[in-house]
Amino acid sequence: MDTPITGRSIIISNGRCGSTLLSDLIHEEPDTLSAQEFFMSVTPWARSAEVITGAEYWAVLASPKPELATLFRIGLPPKEVRYPATGRWAGRMTELPRILAITLSKLTDDPDALFDQLAERVPSFGTQSVARHHSDFLDLLATLTGKTRWVERSGGSSHLAPHLLKGFPDCKIVYLTRNREDTAKSMSRHSSFQLIQLRVEFLGRCGLDPFRVTDADDVPADLQPFLPHRLTAEALRERGEDMRRYLGLCAFMTSQADQALADVPPEHLLRMRYEDLVADPVGELTQLGEYLEFPEAAQWAERVAGRVVAPARKPEPAAA
C-alpha cells in the first residue's frame, strides 16, 4: 500500500536568492521529497485552465522544454542540469524530456529508471485539471522515492504565484526573498534568467512569446536576432551586461508575487530572507523545519547549516 502524503509545500521566489541551496538542504531530510524546478519545467502551460487526460498530461512532461533545448543548442545549459552523461538522452540533449533535466536527476543516480516508472503510471491519471495532475504527480513521485511529504521549489516562480496560490490552496507556502540588487546581478550572469528576461521583454514590447512566434507575426527588427532559432550564445551573454534589464525583471517578478499573496492570502505562509538565512542559518533552518513539520527540525538544521555560506563579494574598484 502506498504511504500517505502528510505534507505538501511550495517555495516561491524570484530565484538567485539561495533557493537551490534551500532545496538541497531539504533533500537531506530523509522523509521529504525535494522537488526542484518542477513547476518551471512545465510552464508556460497554455492549457493550464483545461481539464485533460493523464495521457495528455504525461505527453507534456515527457516532451523537451523549448527554452532548455535552445540553451543546449547554443551551449549555455544552466549548471543546475544534473542529467548524467551516461543517460539515455545524453547524446541528444535538445530532446531531453523536461522532467529529466533537473527534477528527476536531482533525486537519483538513475533518473531514466524513475522516468520509466512514472511513464507506466502517470498516463492512467484521471481526466482532471492541470493543477490536480501536478499535485497527483508530486504525490506519486514522493511515494516512488519513499517519502511522506514534498516541497516543490522552482527558481523564478514568483511570476507563477497567482497560478500556484489559486491552484494549490492547501499547500504551505514559503516566500523567499533577497536584496534586489544582488538578485539582479546574479540573474544577469545566469543563462536561464537571461532567457526569461528576453521573453518578458518580447511580451512587453510586442505582445509575442518568442517561443510561439509564427510566420504571420510582426516581430520588431531589433528583436528578430533573439528569436530562438537565431539566438547565439554571444548575443545572450551580451544582454547580461545591462543590469537595468534584470533590476526590471526583479521588480516585475516581485510585484507578481506580492500582488498574488495579497489577492489570494494562503492559509499557511512563512516569509524568509536570504540575508537572515546567511546570518543565522541554524535559527532560520530550524524555523523552516518546524514550519514544514520535519520530525526532528532542530537536528536537521544543525546537521546542514554548515553548508550555508555567504557569497563572496568582488572588491569595489579603488577610487581614482
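In this short talk I will go through the sheet, the helices that pack on it, the nonpolar cores and one loop residue. Please keep in mind throughout that what we are looking at is a predicted model.

Let me start with the sheet, which is an open one built from 5 strands in the order 2-5-1-6-7, with parallel pairing. Strand 2, residues 32-36, and strand 7, residues 269-273, stand at the edges, and because each has a single partner strand, one side of each is left without a neighbour in the sheet. If you follow the sheet from one strand to the next, the twist averages 20 degrees.

Now let us turn to strand 1, which covers residues 7-13 and pairs with strand 5, residues 149-153, in the parallel sense over 5 bridges. Within that pairing, Gly7 has Arg149 as its bridge partner, and Arg8 stands opposite Trp150. On the strand 6 side, strand 1 is again joined by 5 bridges, and these two strands also run parallel, with Ile11 standing opposite Val174. How much of strand 1 is buried? It is mostly covered, since 6 of its 7 residues are buried.

Next come the helices on the sheet. Helix 12 lies across strand 1, strand 6 and strand 7, and it runs at about 145 degrees to strand 6. Helix 14, residues 281-291, also packs on the sheet, where it touches strand 6 and strand 7, and its direction makes about 160 degrees with that of strand 7.

That brings me to the cores. The largest nonpolar core has 58 residues, and those with the most contacts inside it are Ile10, Ile12, Phe38, Tyr57, Ile99, Leu118 and Phe137. The largest share of this core, 7 residues, comes from helix 12, which spans residues 243-263. There is also a second, separate core of 22 residues, which includes Leu270, Tyr291, Ala301 and Val308. To take one residue of the largest core, Phe38 is in contact, beyond its neighbours within four places in sequence, with a list of residues including Tyr57, Ile99, His134, Phe137 and Glu152.

Leu118 leads us to helix 6, residues 111-121, in which Pro111, Asp112, Leu114, Phe115 and Leu118 are buried. Why do these residues lie on the same side of helix 6? They cover an arc of only 160 degrees around the axis, and this is what puts them on the same side. As a general reminder, an α-helix has 3.6 residues a turn, so residues three or four places apart point the same way. The buried residues of helix 6 pack against helix 3 (54-61), helix 5 (98-101) and helix 7 (130-144).

Finally, I would like to look at Thr43, which is found in the loop between helix 2 (38-41) and strand 3 (51-52). Is Thr43 buried or exposed? Its relative accessibility is 17%, and because buried means under 20%, Thr43 counts as buried. Not counting residues up to four places away in sequence, Thr43 touches Lys65, Glu67 and Leu160, while a polar atom of its side chain lies 3.3 Å from the backbone oxygen of Met40. As for Ala262, which is 219 residues from Thr43 along the chain, the C-alpha atoms of the two are separated by 23 Å.

Notes: Residues numbered from 1 in each chain as written. Predicted model: local features only at pLDDT ≥ 70, side-chain atom pairs only at ≥ 80, totals over all residues. Heavy atoms only, no water. Buried < 20%, exposed > 50% of the residue type's maximum accessible area, 1.4 Å probe, protein only. Helix = DSSP H or I, 4+ residues; strand = E, 2+ residues; numbered from the N terminus. Arc of directions from axis to C-beta. Contact = heavy atoms within 4.5 Å. Core = buried A, V, L, I, M, F, W, Y, C linked by side-chain atoms within 4.5 Å. Polar contact = N/O pair within 3.5 Å; in protein donor to acceptor, adjacent residues only side chain to side chain. Pairing = 2+ DSSP bridges. Axes fitted to C-alpha atoms, helices over the stretch in contact; angles between N-to-C directions.
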